[in-house]
Amino acid sequence: MMNRFPTVLAVLVTGAAFLLPGSGISAQEAGEDLTFHRDILPIFQQNCQACHQAGAIAPMELMTYDQVRRYGRILRNRVSERLMPPWHLNPHLGVQEFKNDRSLTEEEIGTIVSWVDAGMPEGNPADAPPPVDWPTGEDWQSAPVLGEPDLVIYTKPFDVPAEGNDLWWRPRVPTGLTEDRYVRATEVLPSFPDGRGVTHHMLVTAVQEQSVGGLLTEWALGKTGEIYQEGTGKLLEAGSEIQFETHYYPNGTPVPQDRVALGIWLYPEDYVPEFPTRLRFFNIAPEGVLAIEPHSKPIYQRQFVMQNPVRIQSFQAHFHLRGKGASMEAIYPNGRTEVLSQIDDFQFNWHNNYIYADDAAPLLPAGTVLKFSMWYDNTEDNPNNPHPGDFVTWGDRAADEMGHFWIGVTDLNEEQYERLVREREAITEGASAGASTAPGGD
Amino acid sequence: MDPARPHRTVLLSCLARCHEFRIGLHPSGADRLAPRRVGRLRQVEILAEQALHPHYRLNPERFNRKKNTAPGDATLKRRLTICGIAAVLLLGLAPGADAQYDPRARLQPQGLGVSPTFEGWYPNPDGTYTLSFGYFNKNTDEVVTIPVGESNSVSPGPTDQGQPTYFDARRGYGIFTVVVPADFGPDDRVTWTLERNGERYSIPGGLLDSYQTANLHAPAIDMYPPVLVMRDGGPEVRGAAGDWTETAVRVGEPLELTVDAWDEHGHEVSVWFYKYRGPGAVAFAADEVDLELGHRTATTTATFDTPGEYVVYVRTGQTERGVREAGLEQCCWSNGYVTVTVTQ
């Protein structure tokens with residue numbers, strides 16, 4: 001009976017399609033010249049079709065003119081509201097350069113809006129770019145860059161029922177490593193096609209003598225893999241084991257004997273990266289504290305001081321259905337403050353991990369305070385809210401709440417920090433270096 | 001009354017003290033550490049955070065507790081050992097990062113209200129549905145009493161539908177249920193209202209999406225609620241919808257409370273006794289009874305200091321596994337209730 005994914009997706013797709021304003025970029029005159037095959041299809045190939053194709057995770061295909069035209073008004077709304085593609089960072093605050101950016105530019109949004117407003121002309125099929133040869137959901141997303149993973153570790157099989165509430169499956173599996181190795185990249189791959197629809201998120205912890213300083217990786221619906229910068233990695237010891245925690249979410253289709261795969265790309269043998277990194281957990285609304293009153297919109301905040309220089313690798317917030325927005329702000333030792341990243345419209349189905357580009361990953365001097373904020377919407381204003389009248393406390397279920405961040409952090413010593421700052425300055429020299437990519441505040 | 005609280009309080013206090021040590025001894029940017037020492041400190045941080053967040057645990061068996069379960073001595077020792085190690089290391093070493101503002105600062109010890117919580121629902125074999133309710137006492141220390149009436153009512157139907165009047169501090173999970181008929185519609189609601197010091201909460205429960213619970217089985221860990229038998233020849237109860245019994249005693253005389261509890265899948269169980277309703281104090285000889293395998297009978301005594309109508313809440317769950325391990329499902333414990341008439 002309980003099938004929430006379609007419910008949430010339906011809300012996402014159908015919500016207020018005709019009520020919301022345009023982006024402000026729309027120009028009727030420009031739209032008259034736009035055609036699907038020449039102007040729209042390239043945007044969809046680049047940004048949408050990876051998910052909106054047969055057998056993929058999206059609820060509808062957006063491969064052909066007829067398919068796109070059918071959802072034209074809804075698409076106009078979704079892209080102008082920046083809810084699709086699922087990239088929910090504020091485009092005007094903080095770092096804007098990412099390795100995995102799938103957002104649309106203002107120009108692309110304006111093109112789609114204008115084309116819809118102009119009546120969605122098809123144009124000449126001869127103007128269309130060649131179709132993309134898409135990988136299937138069975139393929140590793142990092143494979144085109146890194147090749148096949150060096151190590152693939154599967155969870156033990158689990159029978160996911162068709163109906164019912166959230167489930168957590170926590171098997172422990174040996175890595176099989178006989179020598180210490182450093183991890184270059186990781187990726188989680190749910191089974192395809194049925195497993196992908198029921199696997200909400202997964203925590204992957206290396207059980208070994210020396211902690212990696214947090215999780216080996218975390219994955220959630222919509223997240224891509226993690227690829228570390230050259231010279232940056234995590235140690236995986238000989239004889240280590242992987243403790244999985246898989247959060248399943250039944251969606252109406254039983255998935256017997258489901259297994260989720262963890263792909264690991266390793267550095268060469270005997271290679272020791274200069275920058276061991278870790279995925280840090282910043283708990284902003286802990287159990288025992290988090291309390292969300294009915295029909296309320298509370299905010300939780302917490303601050304942490306970096307006792308040594310750090311490079312921030314990635315940014316990810318974790319909420320449930322009442323989560324609305326989240327931000328990470330740097331308060332530099334000289335008192336200057338700067339928002340590094342801010343999520344304006346969190347979507348439970350998209351726990352995006354925003355991976356900063358190598359030349360934009362924030363470099364923070366020792367003494368910088370990271371200030372985290374998370375805000376909730378337990379009202380009828382939140383279309384994902386299953387019960388605005390409930391008093392919500394901390395819990396694992398989607399109907400309960402959480403509030404924390406997973407932040408990729410590379411610790412630096414002073415010499416490394418100064419060197420990276422000089423390298424960054426050399427790269428940005430001559431350009432109007434964004435404050436967020438420059439060393440903080442000194 | 002909360003079997004988990006004393007241990008949790010110790011842990012929270014320890015962590016808060018650790019933060020104080022870290023802030024006091026190592027102001028921002030005051031120290032630089034060798035990488036090995038930094039690494040040790042971060043492991044301590046991880047241990048500390050694990051204690052407050054199950055998603056972060058390396059060993060899920062260590063921090064699998066919720067209010068319905070009480071840590072055994074071994075578990076408590078493990079926790080205190082971790083806490084002790086953290087405190088010792090933090091006294092001598094600086095951290096990699098400090099929490100400057102602690103969200104726990106928003107907590108208040110007393111004076112606040114109590115809200116019902118809707119825990120979820122599950123279908124019954126006869127076609128009816130069971131709605132499960134808990135509560136959240138916003139005070140960290142103060143126990144609150146709200147008699148049945150305008151300030152503690154369930155609707156529609158009788159004002160008194162078996163809800164508690166005695167609210168221990170903080171969260172109580174799945175402590176009473178309301179069974180609704182098979183024709184209970186998707187938009188129908190049962191509402192529990194609590195008001196205290198002008199804070200009024202009316203929390204509706206119904207057959208809501210995202211609120212269906214696996215009350216009688218947590219399949220991911222193959223866990224079931226234990227069997228609870230409240231009286232000789234009484235029914236075998238499993239889950240939140242508990243059995244009610246009655247008895248009587250005089251003020252000041254110990255009342256023996258005996259129940260049978262066991263797990264059908266070979267796990268040790270514990271039985272906890274709480275005050276649920278009543279005008280006076282209730283003293284239990286033991287408010288937790290751990291049953292080894294092969295033993296089914298849990299006995300304690302309750303002594304009442306004031307005449308009146310009381311209810312004692314009996315709860316049983318696995319000794320070493322709790323709601324935490326089931327992913328905070330509304331599983332796997334069983335409820336029972338004893339109405340006690342206390343006379344002078």
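This report looks at chain A as a whole and then at one of its strands, E5(A).

The structure is a predicted model, in which local features need pLDDT of at least 70 and side-chain atom pairs count only at pLDDT 80 or more, while totals for chains, interfaces and linings use all residues. Residues are numbered from 1 along each chain as its sequence is written, and side-chain values use heavy atoms, leaving out hydrogens and water.

Let's start with the whole chain. Chain A has eight helices and 23 strands; helices (H or I, at least four residues) and strands (E, at least two) are DSSP runs, numbered from the N terminus. Of its 442 residues, 61% are buried, meaning under 20% relative accessible area with a 1.4 Å probe, counting protein chains only. The accessible surface is about 16100 Å², and carbon and sulfur atoms hold 51% of that; such areas come from the Shrake-Rupley method with a 1.4 Å probe. If we take contacts (heavy atoms within 4.5 Å) between residues at least 6 apart in sequence, 82% of them join residues at least 24 apart.

Now for strand E5(A), residues 181-189. How many of its nine residues are buried? The count is nine of nine, so to speak a mostly covered strand by the definition of buried given above.

Strands pair if DSSP finds at least two bridges between them. The table lists partners of E5(A).

| Partner strand | Bridges and direction | One residue pair |
|---|---|---|
| E9(A), residues 232-236 | three bridges, antiparallel | A:Tyr182 and A:Leu235 |
| E12(A), residues 261-266 | six bridges, antiparallel | A:Glu187 and A:Gly263 |
| E8(A), residues 226-227 | two bridges, antiparallel | A:Thr186 and A:Glu226 |

Note on methods:
Chains are lettered from A and ligands numbered from 1 in the order in which they are written. Buried means under 20% relative accessible area, exposed over 50%, partly exposed in between (1.4 Å probe, protein chains only).
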